[in-house]
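Trainee: I have a model open and some labels I would like to understand. Could you walk me through the reasoning behind them?

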Amino acid sequence: MADKVIIEGKGNNDSLGTGRRKTAIARVRIRPGKGLMSINGRSLENYFCNVQQRNAVLAPLTETGKKDEVDVIIRVNGGGITGQSGACKLGIARALRMYDAGLYEVLKDANLLTRDSRMVERKKPGLRKARRATQFSKR
């Protein structure tokens, strides 16, 4: 596997952040480095094939200008690929806030520290889905 990203080093000055979106949970670790990013041991381009999802993950780093200054290690599980990208985005933003407290205003103004609370609506009894009823039959 040539696409494996390995970021080595001691973990004494790491900043941690947890992001959640729908049912996806991302645990993010940020340390000073050269701009490497590892998601479940894979590169960003390999893990998130969609450009929109890649941009969502990179949004906190580009907004603060720390893209080439820190290494990011992410462990994400649960949910789908879009939920995972949203969880990574929130986790990176929270970890950046711990890494440098001066970035709080920039992240807050870009609305990157707010968790998206929308979840799947539960299925109700007597209905096919959450709101979809059975088809009406006249005869």
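Mentor: Happily. Let us start with a cut-off: a disulfide is a pair of cysteine sulfur atoms within 2.5 Å. Keep in mind that this is a predicted model.

Trainee: How do you know that Cys49 is not bonded to Cys88?

Mentor: Set the distance against the cut-off. The closest cysteine sulfur to that of Cys49 is in Cys88, 14 Å away. A pair needs to be within 2.5 Å, so 14 Å is too far for a bond. Seen from the other end, Cys88 has the sulfur of Cys49 as its nearest, and Cys88 is in no disulfide. Searching the whole structure gives zero disulfides.

Trainee: What makes Cys49 exposed and Cys88 buried?

Mentor: Exposed means over 50% relative accessible area, and buried means under 20%. Cys49 has 61%, so Cys49 counts as exposed. Cys88 has 0%, so Cys88 counts as buried.

Trainee: Cys88 shows up in the contact between H2 and H3. Why are these two helices called roughly parallel?

Mentor: The axes of H2 (residues 51-64) and H3 (residues 81-99) cross at roughly 10° and come within 7 Å. Angles under 35 degrees count as roughly parallel, and therefore H2 and H3 are given that label.

Trainee: Which residues meet there?

Mentor: From H2 come Gln53, Ala56, Val57, Ala59, Pro60, Leu61 and Thr64. From H3 come Ile81, Thr82, Ser85, Cys88, Lys89, Ile92, Ala93 and Leu96. By class, this contact has 10 nonpolar, four polar and one charged residues.

Trainee: How do you know how the span of H3 compares with the expected one?

Mentor: The expected span is 1.5 Å times one less than the number of residues. H3 has 19 residues, for which 27 Å is expected, and its first and last C-alpha atoms are 26 Å apart, close to that value. The buried residues of H3 include Cys88, Ile92, Ala93, Ala95 and Leu96.

Trainee: Where is Ser15, and what makes it buried?

Mentor: Ser15 lies in strand S1. Its relative accessible area is 9%, and the cut-off for buried is under 20%, so Ser15 is buried. Ser15 and Leu96 are 81 residues apart in sequence, yet their C-alpha atoms are 7.3 Å apart. Beyond its sequence neighbours, Ser15 touches residues including Val28, Ile30, Ala95 and Tyr99.

Trainee: Why is Asp3 called partly exposed?

Mentor: Asp3 has a relative accessible area of 28%. Partly exposed lies between the 20% and 50% cut-offs, so Asp3 takes that label. Asp3 sits in the segment before strand S1 (15-21), and its contacts farther along the sequence are Gly41, Arg42, Ser43 and Asn46.

Trainee: Is Ser43 buried or exposed?

Mentor: Ser43 has 16% relative accessibility, under the 20% cut-off, so Ser43 counts as buried. Ser43 is in the loop between strand S3 (37-39) and helix H1 (44-47), where Ser43 touches Asp3, Val5 and Met37.

Trainee: What is the phi of Asn40, and why is this residue called partly exposed?

Mentor: Asn40 is not a glycine, but its phi is positive, about 50°. Asn40 lies in the loop between S3 and H1. With a relative accessible area of 22%, Asn40 falls between the two cut-offs, so Asn40 is partly exposed. Asn111, in the segment after helix H4 (104-109), is not a glycine and has a positive phi of about 60°.

Technical notes: Residues numbered from 1 in each chain as written. Predicted model: local features only at pLDDT ≥ 70, side-chain atom pairs only at ≥ 80, totals over all residues. Heavy atoms only, no water. Buried < 20%, exposed > 50% of the residue type's maximum accessible area, 1.4 Å probe, protein only. Helix = DSSP H or I, 4+ residues; strand = E, 2+ residues; numbered from the N terminus. Contact = heavy atoms within 4.5 Å. Axes fitted to C-alpha atoms, helices over the stretch in contact; angles between N-to-C directions. Parallel < 35°, antiparallel > 145°, perpendicular 65-115°, else oblique. Nonpolar A, V, L, I, M, F, W, Y, C, P; charged D, E, K, R; others polar. Lists of a residue's contacts leave out its neighbours within four places in sequence.
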